[in-house]
Amino acid sequence: MRNRIALAAALATGLLALTAASATAAPNEVRTAASGDARACADVKLSGALPVPPAGMSVRQDVSIGPDCAPVLGPARLVAKAGPAATAQAAQAAPAAAPADRQVRSWSEMYDCCNIRMTGLYTTSSWSSDGTVVTTSATDATQQWNREPWNAGWSLKSSAKSADCVANCAVSTNVANASFTYKGIFDPTGNVYANTHRSTVALKADGTASCTFEVDLKNTFVGWNWQRGCE
């Protein structure tokens, strides 16, 4: 309970490293049913970090694309653990993690203006430590994406994962990447949309961990929403 109160206080006072950077030019005027808004935003880059909460809790945050193409950060919310359906599906799809003292899951999901999840990257990390070093660690990554009828929609272009150290480490840093392309109802050429997710989980010898997220959007629209979290 003490840890939960301390984390909630940190969230409330803004002591956590929460950022969302946007490298975006002025909105472009377009007309498409996909947008929900007439303004498109090119080359949007978002990033941010969240702490891993106490057992039984989740930390979540939403970032939306504002009218000037700048990111609008929602509050970081500490809630009872009940991950989104996509996270549960990803956990079921992921290989079973090796037995360990601790486990953390992260998710990074991009939604359109109609609240349809377009792309998502999910990680499950497990690790053991003796208080001085991380004795063993392992991370699995899965991806999900939205398909449309007639074999159209989002597709997984590439995915990868890496770790700088998996045993006898002060910190085990695990990185997962997933790149997605789109060819479908809203762009038959396949050249307009692309989402790239990058999630980094740092597993520490003292039993704590942190999650860092990045998303690169080739083209987006006002009203698109990025949802990220750790539990």
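## Cysteines and nonpolar core

Cysteine 114 is exposed, because its relative accessible area is 56%. In this predicted model, cysteine 114 takes part in no disulfide, and the nearest cysteine sulfur, in cysteine 113, is 3.8 Å away. That separation is too far for a bond, since a disulfide requires sulfur atoms within 2.5 Å. Cysteine 113 itself is partly exposed, with a relative accessible area of 30%.

Three disulfides are counted in the model, and they follow the pattern 1-2, 3-4, 5-6 when bonded cysteines are counted along the chain.

| Disulfide | S to S distance |
|---|---|
| Cysteine 41 and cysteine 69 | 2.1 Å |
| Cysteine 165 and cysteine 169 | 1.9 Å |
| Cysteine 211 and cysteine 230 | 2.0 Å |

The pair of cysteine 41 and cysteine 69 links distant parts of the chain, 28 residues apart: cysteine 41 lies in strand β2, and cysteine 69 in the loop between β3 and β4. Both cysteine 41 and cysteine 69 are buried, and their link is left-handed, with -85 degrees about the S-S bond.

The disulfide of cysteine 165 and cysteine 169 is left-handed because its torsion about the S-S bond is about -90 degrees. Cysteine 165 counts as partly exposed at 23% relative accessibility, whereas cysteine 169 counts as buried at 3%.

A disulfide also joins cysteine 211 to cysteine 230. This pair connects strand β13 with strand β14 across 19 residues, and cysteine 211 and cysteine 230 are both buried.

The largest nonpolar core has 36 residues, and Met110, Trp224 and Trp226 have the most contacts inside it. Strands supplying at least two residues each include β2, β3 and β14; β13 gives the most, with six residues.

Conventions: Residues are numbered from 1 along each chain as its sequence is written. This is a predicted model: local features need pLDDT of at least 70, side-chain atom pairs count only at pLDDT 80 or more; totals for chains, interfaces and linings use all residues. Side-chain values use heavy atoms; hydrogens and water are left out. A nonpolar core is a set of buried Ala, Val, Leu, Ile, Met, Phe, Trp, Tyr and Cys residues joined through side-chain atoms within 4.5 Å. Buried means under 20% relative accessible area, exposed over 50%, partly exposed in between (1.4 Å probe, protein chains only). Helices (H or I, at least four residues) and strands (E, at least two) are DSSP runs, numbered from the N terminus.
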